[in-house]
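Reader: I have a model open and would like to talk through a few of its features with you. Could you show it here so we can start?

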Amino acid sequence: MRSLLTGFDQIVFANPEYFYLLLLIPILVVWYLLSRGKIHPTLQVSTTAPFGAPPRWRLLLYHSLFALRLLALTMIILALARPQSSFRRRDTTIEGVEIMLALDISGSMLAEDFKPNRIEAAKEIGIDFIKGRINDRIGLVAFSGESYTQCPLTTDHPVLINLFRQIKSGLITDGTAIGDGLATAVNRLRESQAVSKVIILLTDGVNNMGSVDPLTAAEMAKLYGIRIYTIGIGTIGMAPYPVQTIFGVRYQQVEVKIDEPLLSKIASMTDGKYFRATNNEKLKAIYAEIDALERSKLDVKEYSRKVDEYRWLAFMALALIFAEVGLRFLFFRNIP
């Protein structure tokens, strides 16, 4: 069974081999043109005035009889091909993933070992990650010396992306309160009924502030079935850091200190994974790996039903035949 047009699956033909009969149409047209004079004898006269000949438009319309016959034949061939309408219904069940992004916005995130700097690179790549998660609810937490929710869980990704772009360093007290950032993200996910709940925590430092211990926050996440992926962002060794002076912006090399043992333990406690991003490309690869690990589950049930539609073609063919016969014997009747 083949469809009428590629990519159009609403009408299909059960017997498409009958379409070969359509080749008769051009053959009949040629036959009609060549045999016209032989079928209808002609008599040449100087003028038709004494005979009361019909007007020229009526003579031209006489050929419509043949056209009606061809249309009727075409309708019969299409009916023999047995057109069927296809009705489809699709039931889709999405087991979504709910994700909280916890982003470090401390002053050290302005280091330029990433382009243009760590925080802007994290925002750009994080936004690309969001754009690829169309079925998921995603939220955003920002933290440095304290933490706050920039955007609660939402499927309105354009709003989320707009709020993501507004994040910058210096909005809150400086420092690195990893535990507070995690606790805020856990609080947003704890009442979620999603099949999979995930926190992606990105930081470039060592926990040095906050009221919640990072491992305590990880225990809370484990209790609520939340998986944590931790990302340490920063090159190995020294990184250029911009410093404002009376002579303008100057750069100094600062040591990159990331508490990798802590981030690894947080991830392992919650069946997550720790990653180290040392440049933009590595960070993109990390987000791509997390994206592959945490995909929404899609269950699709499809129902289809076909209905024969040849009857209306048969009725049209019958109507055309009656029209051709009626016109031939009433309107275009020949004089004996």
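Reader: Where is D136 found?
Author: Happy to help, and do keep in mind that this is a predicted model. Helix α4 covers 118-131 and strand β5 covers 137-143. D136 is found in the loop between α4 and β5.

Reader: Is D136 buried or exposed?
Author: The relative accessible area of D136 is 2%. Buried means under 20%, so D136 with its 2% counts as buried.

Reader: Which side chain does D136 join in a polar contact of 2.7 Å?
Author: Let's stay with that loop residue, D136. Its polar contact runs from side chain to side chain, at 2.7 Å, and the partner is R133.

Reader: In which helix is L24, and is L24 buried, partly exposed or exposed?
Author: L24 has its place in helix α1. Its relative accessibility is 39%, and the class in between runs from 20% to 50%. L24 therefore counts as partly exposed.

Reader: Which helices each supply at least two residues of the nonpolar patch?
Author: The patch takes up about 1100 Å² of surface, and its members include L24, W31, I76 and F329. The helices that each supply at least two of its residues are α1 (24-39), α3 (64-80) and α10 (310-331).

Reader: How many bridges join β9 to β10?
Author: Nicely, these two strands form a hairpin with 2 residues between them. They run antiparallel, and M238 has E255 in β10 as its bridge partner. The number of bridges joining β9 (residues 238-245) to β10 (residues 248-255) is 8.

How values were computed. Residues numbered from 1 in each chain as written. Predicted model: local features only at pLDDT ≥ 70, side-chain atom pairs only at ≥ 80, totals over all residues. Heavy atoms only, no water. Patch = residues over 30% accessible without salt bridge, like charges linked within 9 Å, V, L, I, M, F, W, Y side chains within 5 Å. Areas by Shrake-Rupley, 256 points an atom, 1.4 Å probe, with all protein chains shown as cover. Salt bridge = Lys/Arg side-chain N within 4 Å of Asp/Glu carboxyl O. Helix = DSSP H or I, 4+ residues; strand = E, 2+ residues; numbered from the N terminus. Buried < 20%, exposed > 50% of the residue type's maximum accessible area, 1.4 Å probe, protein only. Pairing = 2+ DSSP bridges. Polar contact = N/O pair within 3.5 Å; in protein donor to acceptor, adjacent residues only side chain to side chain.
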